[in-house]
Amino acid sequence: MSPGPRSRALLLPLMVLVVALGLGSRSQAARLHLPRFVTDYAGDALWTVMVYLCLVFLLPRLSVRRAAASALGLSVLVELSQLVHTPWLDALRAHRLGALVLGRGFLASDLVCYAVGAGLAAGTDLLLARRPPARALPPENGAHP
């Protein structure tokens, strides 16, 4: 299903929110106040949500199915790349940004998180596509009914 072009004006704040939630899910405050299940797995699911959002930002007419499959596929490829250890790749992963994008070590549980993230992103996209567009308010002309 193709939801039509997505609003980049809506995607940008969503992307910022997802990054904040993902980073926040790994914070010390989150570890104190959220269940361990959330702090262990939410960041990985949100990583795939972010990949999905980047894809539909770059390709706003991409179908939900293709966006979800592509986000999941890219996430799995990045996870599988963690099984490869070359000096230059390990050097990239040693830096904070490199570790956030490429990860550090392979975990099979991350693959499940990625599937959940792709499903959440696709489901949310479908819900937003079905929402009726906002109606414009009638112009004010000073007359009262």
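**Figure 1. Arg-93 and its salt bridge with Asp-90 in helix H5 of the predicted model.** In this predicted model, Arg-93 counts as buried because its relative accessibility is 3%, which falls under the 20% limit. The side chain of Arg-93 nevertheless has a charged partner, for it meets the side chain of Asp-90 in a salt bridge with an N to O distance of 3.5 Å. Asp-90 has a relative accessible area of 31% and is therefore classed as partly exposed, so that the bridge joins a buried arginine to a partly exposed aspartate. Both residues lie in helix H5, which spans residues 87-94, and because they are three residues apart there, about one helical turn separates them.

**Figure 2. The salt bridge between Asp-40 and Arg-36 within helix H3.** The closest N and O atoms of Asp-40 and Arg-36 are 3.3 Å apart, and the two residues form a salt bridge. Because Asp-40 and Arg-36 stand four residues apart in helix H3, the separation between them amounts to about one helical turn. Arg-36 is exposed, with a relative accessible area of 65%, whereas Asp-40, at 28%, is partly exposed.

**Figure 3. The salt bridge between Asp-44 and Arg-26, which links distant parts of the chain.** The side chains of Asp-44 and Arg-26 meet in a salt bridge, at 3.4 Å from N to O. Asp-44 belongs to helix H3 (residues 36-58), while Arg-26 sits in the loop between H1 and helix H2 (28-33), and the two are 18 residues apart. Asp-44 counts as buried at 13% relative accessibility, and Arg-26, with a relative accessible area of 38%, is partly exposed. With this pair included, the structure holds three salt bridges.

**Figure 4. The tilted aromatic pair of Trp-47 and Tyr-114.** Two aromatic pairs are present in the structure. In the pair formed by Trp-47 and Tyr-114, the ring centres lie 6.2 Å apart and the planes make an angle of 45 degrees, so the arrangement is tilted. The contact links distant parts of the chain, since Trp-47 is in helix H3 and Tyr-114 is in helix H7 (residues 108-130), 67 residues apart. Tyr-114 is buried, with a relative accessible area of 4%, while Trp-47, whose relative accessible area is 23%, is partly exposed.

**Figure 5. The nonpolar surface patch made by residues including Leu-23 and Leu-97****.** Val-19, Leu-23, Leu-97, Leu-100 and Val-101 together make a nonpolar surface patch of about 450 Å². Helix H1 (8-24) and helix H6 (96-102) are the elements that give two or more residues to this patch, and the largest share, three residues, comes from H6. Leu-23, which is found in helix H1, counts as partly exposed at 48% relative accessibility.

**Figure 6. Leu-58 of helix H3 and its separation from Arg-8.** Leu-58 has its place in helix H3 and counts as exposed, its relative accessibility being 60%. The C-alpha atoms of Leu-58 and Arg-8 are separated by 9.1 Å, although the two residues are 50 residues apart along the chain.

**Figure 7. The cysteines Cys-54 and Cys-113.** Cys-113 is buried, with a relative accessible area of 7%, and Cys-54 is partly exposed, with a relative accessible area of 29%. A search of the whole structure finds zero disulfides, so no cysteine sulfur atoms in the model form a pair within 2.5 Å.

**Figure 8. Helices and confidence across the predicted model.** The secondary structure of the protein comes to seven helices and zero strands, and the pattern read along the sequence is α-α-α-α-α-α-α. Of the 145 residues in the protein, buried residues make up 31%. The mean pLDDT of the protein is 88, with 87% of its residues reaching 70 or more. Confidence is highest in helix H4 (residues 64-81), at a mean of 97, and lowest in H6, at 88, and H6 is also the helix from which the largest share of the nonpolar patch comes.

How values were computed: Residues are numbered from 1 along each chain as its sequence is written. This is a predicted model: local features need pLDDT of at least 70, side-chain atom pairs count only at pLDDT 80 or more; totals for chains, interfaces and linings use all residues. Side-chain values use heavy atoms; hydrogens and water are left out. Patches are made of residues with over 30% relative accessible area and no salt bridge: like charges are joined within 9 Å, nonpolar side chains (Val, Leu, Ile, Met, Phe, Trp, Tyr) within 5 Å. Accessible areas come from the Shrake-Rupley method with a 1.4 Å probe; for residues, only the protein chains shown count as cover. A salt bridge is a side-chain nitrogen of Lys or Arg within 4 Å of a carboxyl oxygen of Asp or Glu. Buried means under 20% relative accessible area, exposed over 50%, partly exposed in between (1.4 Å probe, protein chains only). pLDDT is the predictor's confidence in each residue, from 0 to 100. Rings of Phe, Tyr and Trp (its six-membered ring) pair if their centres lie within 6.5 Å; planes under 30 degrees apart count as stacked, over 60 as edge-to-face and the rest as tilted.
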